[in-house]
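Here's a quick tour for anyone meeting this structure for the first time. Have a look at it below, then read on.

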Amino acid sequence: MTLPNGFTVTLDRGTRVLDDGGALLGGQPTRLLRLTPRARAMLAGRSLCVRDAASAFLADRLLANGMANPQLTALADPALAGESAPLYTYVIPVRDRPGQLGRLLACIPSGSPVIVVDDASLAPERVAGVAAAHGARLLTLPVNVGPAGARNAGLRQVTTSHVVFVDSDIVLPAETVPALMRHFADPSVAMAVPRITALTADSAGGWISRYEHARSSLDLGTHPASVRPGSPVSWVPSACLVAHVGTLLDIGGFDESLRVGEDVDLCWRLTESGRRIRYEPAVQAAHEHRAHVVDWFRRKADYGTGAHPLAVRHPRDTATAVLAPWSAALVVTVAAQRRWSLPVAAALWTTATLRVARALDGTAHPLREAARLTGGGAVNALAQGGALLTRHWWPATAAGCLVSRRVRRAAAVAAVADVALEYRSRSTGGLGPLRYAVARRLDDLAYGTGVWLSAVRGRSTAALRPRIVVRARRPGSC
């Protein structure tokens with residue numbers, strides 16, 4: 001399978017062009033890709049348009065390494081390819097919520113194939129009435145099987161090449177699905193997902209509603225990305241997605257034994273099978289977030305309970321933190337809060353910088369690029385260490401605070417630092433710093449509670465353990 005002519009990719013914002021185009025540095029994990037003169041000539045600034053087999057090979061390699069993203073506006077629109085039959089079917093799992101279902105169905109173009117899967121509603125006649133009013137096919141399940149089972153039931157009825165899974169609490173703009181379908185011009189793409197935003201940005205809403213607008217777990221940011229474990233976008237939510245039907249059926253669809261985390265599991269099984277997933281924030285789907293504190297807190301805790309089942313299924317991909325040996329040692333050194341902590345941390349960073357510089361030998365400024373990489377790695381490691389204290393390990397942190405001044409100091413710094421950095425760098429939905437900080441800590445408290453509950457139920461610490469990764473940075477060439 002090769003990329004078609006005209007397919008255009010743009011270098012990811014994290015990819016650096018070195019030596020006047022002679023090498024690229026970036027990707028997930030970070031790597032150095034040296035370019036031959038012929039490959040260098042294919043790049044027009046930071047873009048590459050596929051024109052022949054050689055440029056298709058280079059574009060595919062950049063995509064595979066996470067060094068570039070497809071240029072959405074340059075991708076072919078499958079609706080213009082002369083197809084007369086529908087390309088995709090909407091599958092909507094629902095349990096009650098007829099009002100939200102009607103709102104969603106009103107967004108879907110008339111004549112589109114739609115399957116509403118009623119997952120054992122308490123008032124099934126209301127769901128049936130809404131589905132009939134909008135001309136949707138209704139599939140009624142006799143017992144409640146959960147979102148994963150309901151989606152699979154609908155998937156088995158789909159006869160089009162692609163399926164659009166969309167939850168009933170979504171409002172779907174008309175341009176979202178057609179835009180996502182463009183990504184399937186890459187034959188390796190199995191799934192494409194839009195940015196999930198808040199249904200309303202009303203600043204007069206409750207403080208939890210405003211916090212969710214600013215920092216929803218479903219909103220993965222403004223930058224396009226390849227979805228893969230261990231990357232900045234390691235999973236995507238199943239609230240709205242477009243997928244290739246045959247590929248989903250090949251891997252067995254969603255894992256019906258999972259009531260939460262089924263979307264994470266699906267993403268990771270797709271990437272394990274060698275297929276690509278694209279996160280495309282240029283188009284969006286609006287989600288009706290929970291606005292009441294108790295419901296919101298319970299849902300955040302539910303997300304956490306998926307940690308142990310995921311750790312069992314994907315032990316290499318599920319970790320509370322992912323650190324290189326030197327950055328793990330740096331976090332421990334700083335957390336020790338001894339007189340020797342800063343000198344030893346500086347020595348660790350310097351040693352790591354020199355090692356990376358050796359791997360970049362042959363580029364114009366290896367030491368400068370290495371210092372940039374390890375500096376970012378140090379900041380990221382300290383941020384992950386802070387998240388361990390305030391989020392994943394908070395019960396242990398709370399116990400430690402009772403007996404140790406150093407633990408209290410580390411927890412206080414971590415709790416204040418992440419809020420201060422976030423409050424300056426993102427929209428906060430009109431929340432003041434105090435309310436934002438309280439919501440942020442409640443968010444961590446809820447999720448961490450769910451993680452610990454899952455660990456206790458599973459009688460395992462797998463969901464609580466960080467992972468130390470040794471990666472050899474070997475330059476490639478193309």
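How are helix 10 and helix 17 oriented to each other? Keep in mind that this is a predicted model. The axes of helix 10 (residues 293-305) and helix 17 (residues 433-458) cross at roughly 40° and come within 7 Å. Angles under 35 degrees would count as roughly parallel and 65 to 115 as roughly perpendicular, so helix 10 and helix 17 are oblique to each other. As for handedness, the crossing of helix 10 and helix 17 is right-handed.

So who's touching whom? On the helix 10 side, the contact residues are W296, F297, K300, A301, Y303, G304 and T305. They meet A439, L442, D443, L445, A446, Y447, G450, V451, S454 and R457 in helix 17. Sorted by type, the residues of this contact of helix 10 with helix 17 come out as ten nonpolar, four polar and three charged.

Now for the rings. Searching the whole structure turns up five aromatic pairs. One of them is Y423 with Y436, an edge-to-face pair with 5.7 Å centre to centre and 70° between the planes. This pair links distant parts of the chain, with Y423 and Y436 sitting 13 residues apart. Here are the two partners:

| Residue | Helix | Relative accessibility |
|---|---|---|
| Y423 | helix 16 (residues 405-425) | 28%, partly exposed |
| Y436 | helix 17 | 0%, buried |

Which residues do ring pairs link into a cluster? They are Y211, W296, Y423 and Y436. You've already met W296: that residue is in helix 10 and takes part in the contact with helix 17.

Conventions. Residues are numbered from 1 along each chain as its sequence is written. This is a predicted model: local features need pLDDT of at least 70, side-chain atom pairs count only at pLDDT 80 or more; totals for chains, interfaces and linings use all residues. Side-chain values use heavy atoms; hydrogens and water are left out. Axes are lines fitted to C-alpha atoms, for helices over the stretch in contact, and angles run from 0 to 180 degrees between N-to-C directions. Helices (H or I, at least four residues) and strands (E, at least two) are DSSP runs, numbered from the N terminus. Angles under 35 degrees count as roughly parallel, over 145 as roughly antiparallel, 65 to 115 as roughly perpendicular and the rest as oblique. A crossing is left-handed if the near helix is turned anticlockwise from the far one by less than a right angle, and right-handed if clockwise. Contact means heavy atoms within 4.5 Å. Ala, Val, Leu, Ile, Met, Phe, Trp, Tyr, Cys and Pro count as nonpolar, Asp, Glu, Lys and Arg as charged, and the others, Gly among them, as polar. Rings of Phe, Tyr and Trp (its six-membered ring) pair if their centres lie within 6.5 Å; planes under 30 degrees apart count as stacked, over 60 as edge-to-face and the rest as tilted. Buried means under 20% relative accessible area, exposed over 50%, partly exposed in between (1.4 Å probe, protein chains only).
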